[in-house]
Amino acid sequence: MLINSKIVSTFAVLFAALMFCSCDDGRIYDEDNANSDGFLVRLKGTLTGLNTWPENYSIVVAGFKSGTDYRVVAKDIPQSHEGKALSVEMSRVSSDVQTIELCALNRFGERVATFYSQPAEGVRDELTIDVGELDVSAFAAIQTMLFDNSCTGCHGAGGAGIGLDLRKGHSYDALVDMPSRKITDKKLIQPGNAEASVFSQVIQTDVSANWKMNHSDMLNKERTALLREFIDAWINEGAKK
Ligand code: HEC
């Protein structure tokens with residue numbers, strides 16, 4: 001019986017080989033399966049700042065459809081990968097996923113910040129993304145998502161913004177544990193206490209309504225709500241760089 005079944009399967013293999021020998025990659029037989037199982041994403045790179053994110057936030061490689069901030073699939077990148085060359089695989093990504101992102105999610109799987117994004121439409125089997133060396137710290141997200149977009153026009157070198165320099169490379173030292181010029185008994189960022197931090201008050205409340213610049217009208221509150229919530233969590237957990 002054993003020999004018979006061996007012979008049968010040998011014939012089956014030969015027969016299959018003859019059937020498909022005209023095909024160059026020899027992989028057509030599982031094409032349908034590959035599609036229904038989705039594709040594989042492999043993310044490579046060296047990430048720093050993984051351990052600066054507050055609890056309930058995670059750095060992930062994730063797939064999104066357009067028009068929604070909720071991930072379709074995601075794979076966590078553990079903090080133990082800090083500063084090391086990594087290769088993370090996420091399998092079975094469905095074909096309706098349109099972008100693959102290296103991003104931060106809140107506990108509901110909603111995107112808070114994106115560090116790297118790549119279109120995925122039309123990918124069938126595999127997508128390898130190499131992000132190189134990347135700072136994915138909480139503060140890097142604040143810098144690119146908030147300061148670079150909305151603040152450095154006034155808060156740069158010189159500028160209108162009362163000497164507060166929010167440009168990359170200057171902003172952390174200008175804010176954390178530094179006294180406010182406007183509310184002189186408070187700090188701009190008091191690690192561990194968002195409520196008492198003038199920076200948080202400026203982006204969350206109308207404290208600046210009667211200042212020379214009313215910041216409360218400036219931000220689109222709906223669009224930045226997730227970001228501002230995360231900033232307070234970050235300050236409350238020590239404002240780690
Ligand atoms: C159009 C110019 C302008 C923009 C844009 C702007 N600011 Fe300001 N900001 C000012 C001015 C002017 C002051 C000082 C107000 C005063 O003296 O009454 C100020 C003050 C501040 C202060 C108080 C500083 C202190 O020492 O107490 C903070 C914090 C601040 N801004 C944060 C921000 C942030 C964060 C953004 C981006 C989300 C931003 N600002 C965008 C003009 C601006």
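His155 has a relative accessibility of 12% in this predicted model, and because buried means under 20% relative accessible area, His155 counts as buried. The same reasoning holds for His215, whose relative accessible area of 15% makes it buried as well.

These two histidines meet at the metal: the iron atom of the ligand is coordinated by His155 through NE2 and by His215 through NE2, at 2.0 Å. Along the chain, however, the pair links distant parts, since His155 lies in the loop between α3 (138–151) and α4 (171–175), while His215 lies in the loop between α5 (198–204) and α6 (221–236), with 60 residues separating them. As for the geometry around the metal, the iron atom of the ligand has six donor atoms with angles of 86 to 179° among them, and its site is octahedral.

Turning from the metal site to the strands, one finds an open sheet formed by four strands in the order β3-β2-β5-β6, with antiparallel pairing. At its edges stand β3 (73–76) and β6 (111–119), each of which pairs on one side only. Neighbouring strands of this sheet are turned against each other by 25° on average, when direction is ignored.

In general, strands of a sheet pair through backbone hydrogen bonds, in either a parallel or an antiparallel manner. Here, strand β2 (residues 58–64) runs antiparallel to β3 and is joined to it by four bridges. Within this part of the sheet, the reader can locate Val61, which stands opposite Lys75 in β3.

Notes: Residues are numbered from 1 along each chain as its sequence is written. This is a predicted model: local features need pLDDT of at least 70, side-chain atom pairs count only at pLDDT 80 or more; totals for chains, interfaces and linings use all residues. Side-chain values use heavy atoms; hydrogens and water are left out. Donors are N, O and S atoms within 2.8 Å of the metal (3.2 Å for Na, K and Ca); water is not among the atoms, so sites may look incomplete. Four donors count as tetrahedral if all angles lie between 85 and 135 degrees; four count as square planar and six as octahedral if opposite donors are over 155 degrees apart and all others between 65 and 115; anything else is irregular. Helices (H or I, at least four residues) and strands (E, at least two) are DSSP runs, numbered from the N terminus. Buried means under 20% relative accessible area, exposed over 50%, partly exposed in between (1.4 Å probe, protein chains only). Two strands pair if DSSP finds at least two bridges between them. Axes are lines fitted to C-alpha atoms, for helices over the stretch in contact, and angles run from 0 to 180 degrees between N-to-C directions.
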